[in-house]
Amino acid sequence: MNAHTHTHTHTQLCSHLLLAFFLCFSLDELQFPVWVLVATHYRSEFHRHKSDLYDVPLGPVGEEFEPSAGCVQVQGMSFIAAVLILNLDTADAFIAFANLLNKPCQMAFFRVDHSLMLTYFAAFEVFFEENLPKLFAHFKKNSLTPDIYLIDWIFTLYSKSLPLDLACRVWDVFCRDNEEFLFRTALGLLRLYQDVLTTMDFIHMAQFLTRLPDLIPAEQLFQHISAVHMTSRNRKWAQVLQALTEQKKSAARQSGAEVLS
């Protein structure tokens with residue numbers, strides 16, 4: 001296959017999947033299984049041209065999109081799709097969308113990998129307690145767990161929770177710093193509103209965090225994000241996450257050994 005035909009085929013297939021991509025944000029979120037149906041329909045197209053397409057990098061870092069990677073359509077993809085289409089042409093929007101799904105944190109959440117999601121929540125709580133001990137204790141006292149507010153923030157990359165211009169600023173730094181910045185932003189939001197949150201009970205905290213104020217002071221938020229320290233006992237985010245992952249694997253192996261003994 002020559003270069004022209006190769007590019008043309010790749011563009012065609014991107015256009016096909018963009019039909020599903022558009023449906024993600026144009027339909028009511030309750031109808032999201034449509035993405036699965038359309039993507040499955042076009043999966044055969046990818047496999048038919050597998051040798052031609054799978055060596056085509058979708059982004060500057062050479063990431064590749066595997067349509068059978070195990071992601072399922074979940075609420076929140078529509079918001080990501082909308083932001084991308086507002087800022088990019090359709091082909092680039094799809095490429096960016098595929099690359100975003102291909103990141104470890106997004107893979108864990110979009111695959112609904114409960115075990116790995118819990119590990120991310122545990123890592124988040126390490127830095128939460130380190131940075132905001134008073135608020136952390138208040139959340140624990142009221143049994144407010146990170147999944148109540150973090151899932152929506154991570155699923156949508158803050159495009160649902162924050163004003164569009166502010167969400168785009170978060171995306172800019174996220175593209176540079178990767179997943180760590182998503183959790184640092186979460187801590188920045190908690191830091192910004194900690195005085196209000198410490199006066200609330202479980203219900204009001206959950207309501208507040210799942211529906212943030214419409215007017216969020218951008219500069220103040222980024223000042224609070226900058227004030228967050230992403231080190232705990234001389235360990236950075238990736239090291240804490242890795243340690244927790246290893247602990248969970250070790251506990252699983254020990255449990256398995258006890259069952260067999």
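Here are some short exercises, with worked solutions, on the structure shown above.

This is a predicted model, in which local features need pLDDT of at least 70, side-chain atom pairs count only at pLDDT 80 or more, and totals for chains, interfaces and linings use all residues. Residues are numbered from 1 along each chain as its sequence is written, and side-chain values use heavy atoms, with hydrogens and water left out.

**Exercise 1. Get an overview of the protein.**

Step 1: Start with the secondary structure. The protein has 15 helices and two strands; helices (H or I, at least four residues) and strands (E, at least two) are DSSP runs, numbered from the N terminus.

Step 2: Turn to burial. Of the 261 residues, 45% are buried (buried is under 20% relative accessible area, exposed over 50%, partly exposed in between, with a 1.4 Å probe and protein chains only).

Step 3: Look at the surface. Its accessible area is about 13800 Å², and carbon and sulfur atoms hold 56% of that (Shrake-Rupley method, 1.4 Å probe; for residues, only the protein chains shown count as cover).

**Exercise 2. Work out which residues Leu197 touches, and place Leu197 in the core.**

Step 1: Find the core. The largest nonpolar core has 64 residues; such a core is a set of buried Ala, Val, Leu, Ile, Met, Phe, Trp, Tyr and Cys residues joined through side-chain atoms within 4.5 Å. Helix α11 (residues 179–192) gives the largest share of this core, eight residues.

Step 2: Pick out the members that touch the most others. They are Phe128, Phe139, Tyr149, Leu190, Leu197 and Leu209.

Step 3: List the contacts (heavy atoms within 4.5 Å). Leaving aside residues up to four places away in sequence, Leu197 touches Leu135, His138, Phe139, Leu190, Met205, Phe208 and Leu209.

**Exercise 3. Follow the salt bridges.**

Step 1: Recall the idea. Side chains of opposite charge can pair when their charged atoms come close. Here a salt bridge is a side-chain nitrogen of Lys or Arg within 4 Å of a carboxyl oxygen of Asp or Glu, and the count comes to four.

Step 2: Take Glu125 and Lys140, whose closest N and O atoms are 3.4 Å apart. Glu125 sits in helix α7 (residues 114–131) and Lys140 in helix α8 (residues 133–141), 15 residues apart. Lys140 is partly exposed, at 46% relative accessible area.

Step 3: Move on to Arg169 and Glu219, with 3.0 Å between their closest N and O atoms. Arg169 belongs to helix α10 (residues 164–177) and Glu219 to helix α14 (residues 218–227), so this pair ties together parts 50 residues apart in sequence.
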